[in-house]
Amino acid sequence: MAQCFCLMPVRGVLSKTVKGLSFRWLSFRTSYCLVYMALTIADSLLTLNMVRRAELDVRNIEPLVFHSTIFMASIGFLRLASKWPKLMRRWQQVERQLPAHQSWQERGELARRIKTVTFVLITLSLTEHLLSTISAIHFANYCPSTNDPIESYFLNTVDQIFLIFDYSPWLAWLGKIENILLTFGWTYMDVFVLIIGIGLSSMFKRIQRQMEQYKGKAMPESYWCEIRKQYMLVCDLIEEVDAAVSGIIMLSFANNLYFVCIQCLKSINTMPSIAHAIYFYFSFMFLLVRTLAVSLYLSEVNDRSKDPLVILKYVPADAYHSEIERFAIEINSMSVTMTGLRYFDITRKLLLTVAGTIVTYELVLIQYHEDQKLWHCGNE
């Protein structure tokens with residue numbers, strides 16, 4: 001899906017085994033990703049020119065922040081694609097050493113969960129984009145730039161292009177296609193890190209299910225040595241994955257924090273029409289849901305890493321030995337989390353920190369806020 005939108009140019013993504021994965025700089029996939037990045041740079045420069053002409057304001061730089069974030073994310077995904085085959089082979093090695101699934105239902109649980117979450121978020125993203133298009137069409141009819149409604153629509157949606165160039169249909173459609181690609185990349189960034197969190201936390205679930213089968217029973221030292229070995233393998237994998245994707249996680253959190261603050265500020269404005277109100281509040285709620293989902297699913301990695309402690313409490317006193325004590329100490333002392341470039345750990349406590357930060361920024365922004373229409377005619 002990502003490759004349809006010029007991201008993650010890994011070859012062999014439809015192969016049945018990890019051996020089919022590869023990455024080449026000289027390939028069609030990589031080439032069109034680089035073309036997309038070049039177009040994004042051009043679009044970002046045009047957007048910078050548009051922002052420069054307007055009054056510098058925290059809301060006016062929103063398009064520039066959007067373009068810049070997606071461009072940096074595309075660089076991050078290109079770098080990750082070069083590491084992806086090796087990382088997935090490592091992931092497979094770890095999975096093969098974990099406890100086997102007990103049933104076909106359990107085996108397919110992870111795939112169903114990933115597909116469900118992806119389908120829901122991508123569908124909501126598509127709905128948001130359709131509502132955005134409807135509100136833009138409504139505005140083009142309410143406040144036309146020209147007599148041609150199609151031209152008027154494009155002059156308002158990709159206006160950064162036509163501040164420099166004369167209007168032409170092919171430039172208009174190129175700008176619209178670029179906008180669709182950027183919108184998907186904006187959502188995919190969150191979907192991707194969210195799925196990574198689901199995959200890693202599921203490994204701890206497999207270890208936990210194995211331990212629950214022997215909860216309260218006296219088990220030999222070899223059993224606990226094997227469980228501890230499996231646990232440490234997952235922890236090492238999480239560290240490797242985090243090193244590869246922490247930059248994208250950082251972008252995701254910074255992007256969501258900025259846009260939540262901006263949307264909160266815009267919610268104070270008077271909505272010019274019902275169409276705009278429906279689009280705005282749907283977009284705002286979708287942004288909040290995405291931000292919350294990313295935080296919760298990534299923090300689940302840390303939550304699941306502490307689950308074995310519950311089982312260890314039920315070990316009979318006569319079966320308690322040094323290996324169990326060593327395992328418990330390691331679980332308590334280790335910080336098994338995904339991070340944002342190692343600047344912050346993603347745990348449930350982070351949600352409260354982010355919420356407090358949003359409130360603080362919002363109180364500052366409101367002091368300088370003046371009510372204005374989110375969409376206004378140029379002659380008003």
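## Report on a predicted helical model

R342 lies in the loop between α10 and α11, where helices (H or I, at least four residues) and strands (E, at least two) are DSSP runs numbered from the N terminus. This is a predicted model, in which local features need pLDDT of at least 70 and side-chain atom pairs count only at pLDDT 80 or more, while totals for chains, interfaces and linings use all residues. Residues are numbered from 1 along each chain as its sequence is written, and side-chain values use heavy atoms, with hydrogens and water left out.

**The loop between α10 and α11**

The phi angle of R342 is near 65 degrees, a positive value in a residue other than glycine. At 55% relative accessibility, R342 counts as exposed; the terms are buried for under 20% relative accessible area, exposed for over 50% and partly exposed in between (1.4 Å probe, protein chains only). L341 has its place in the loop between α10 and α11 as well. Its phi is near 55 degrees, again positive in a residue other than glycine, and L341 is partly exposed, with a relative accessible area of 42%.

**Aromatic pairs**

A search of the whole structure finds 21 aromatic pairs. Rings of Phe, Tyr and Trp (its six-membered ring) pair if their centres lie within 6.5 Å; planes under 30 degrees apart count as stacked, over 60 as edge-to-face and the rest as tilted. One of the pairs is formed by W186 and F259, whose ring centres are 5.4 Å apart with planes at 65 degrees, so this pair is edge-to-face. The pair links distant parts of the chain, since W186 is in helix α6 and F259 in helix α7 (residues 221-266), 73 residues apart. Both W186 and F259 are buried.

The rings of F253 and F344 also form an edge-to-face pair, because their planes stand at 65 degrees, with the centres 5.6 Å apart. Here F253 in helix α7 is linked to F344 in the loop between α10 (322-333) and α11 (348-367), 91 residues apart. F253 is buried, with a relative accessible area of 11%, whereas F344 counts as partly exposed at 22% relative accessibility. Elsewhere, ring pairs link F5, F77, W84, F184, Y188 and F192 into a cluster.

**Charges over rings**

R290 lies over the face of W186, at 4.2 Å from the ring centre. The charged end of K215 sits over the ring of Y314, 4.3 Å from its centre. A charge sits over a ring if NZ of Lys or CZ of Arg is within 6 Å of the ring centre and within 35 degrees of the ring normal.

**Salt bridges**

The structure holds 12 salt bridges, each being a side-chain nitrogen of Lys or Arg within 4 Å of a carboxyl oxygen of Asp or Glu. Among them are the following.

| Pair | Closest N and O atoms |
|---|---|
| R90 and E240 | 3.0 Å |
| D190 and R290 | 2.8 Å |
| E330 and R326 | 3.8 Å |

R90 in helix α2 and E240 in helix α7 are 150 residues apart, and their pair links distant parts of the chain. At 35% relative accessibility, E240 counts as partly exposed. The salt bridge between D190 and R290 likewise links distant parts of the chain, with D190 in helix α6 and R290 in helix α8 (residues 274-305), 100 residues apart. D190 and R290 are both buried.

The partners E330 and R326 are separated by about one helical turn, because they are 4 residues apart in helix α10. E330 counts as buried at 17% relative accessibility, whereas R326 is partly exposed, with a relative accessible area of 45%. In addition, salt bridges that share partners join R113, E300, R304 and D307 into one network.

**The start of helix α2 and a nonpolar patch**

E62 lies in helix α2 (residues 62-96) and counts as buried at 16% relative accessibility. Not counting residues up to four places away in sequence, E62 touches Y258, F259, I262 and K266, a contact being heavy atoms within 4.5 Å.

At the surface, V35, L39, W170 and L174 make a nonpolar patch of about 390 Å². Patches are made of residues with over 30% relative accessible area and no salt bridge: like charges are joined within 9 Å, and nonpolar side chains (Val, Leu, Ile, Met, Phe, Trp, Tyr) within 5 Å. Accessible areas come from the Shrake-Rupley method with a 1.4 Å probe; for residues, only the protein chains shown count as cover. Helices α1 (28-53) and α6 (169-212) each supply at least two residues of the patch. L39 lies in helix α1 and, at 34% relative accessibility, counts as partly exposed.
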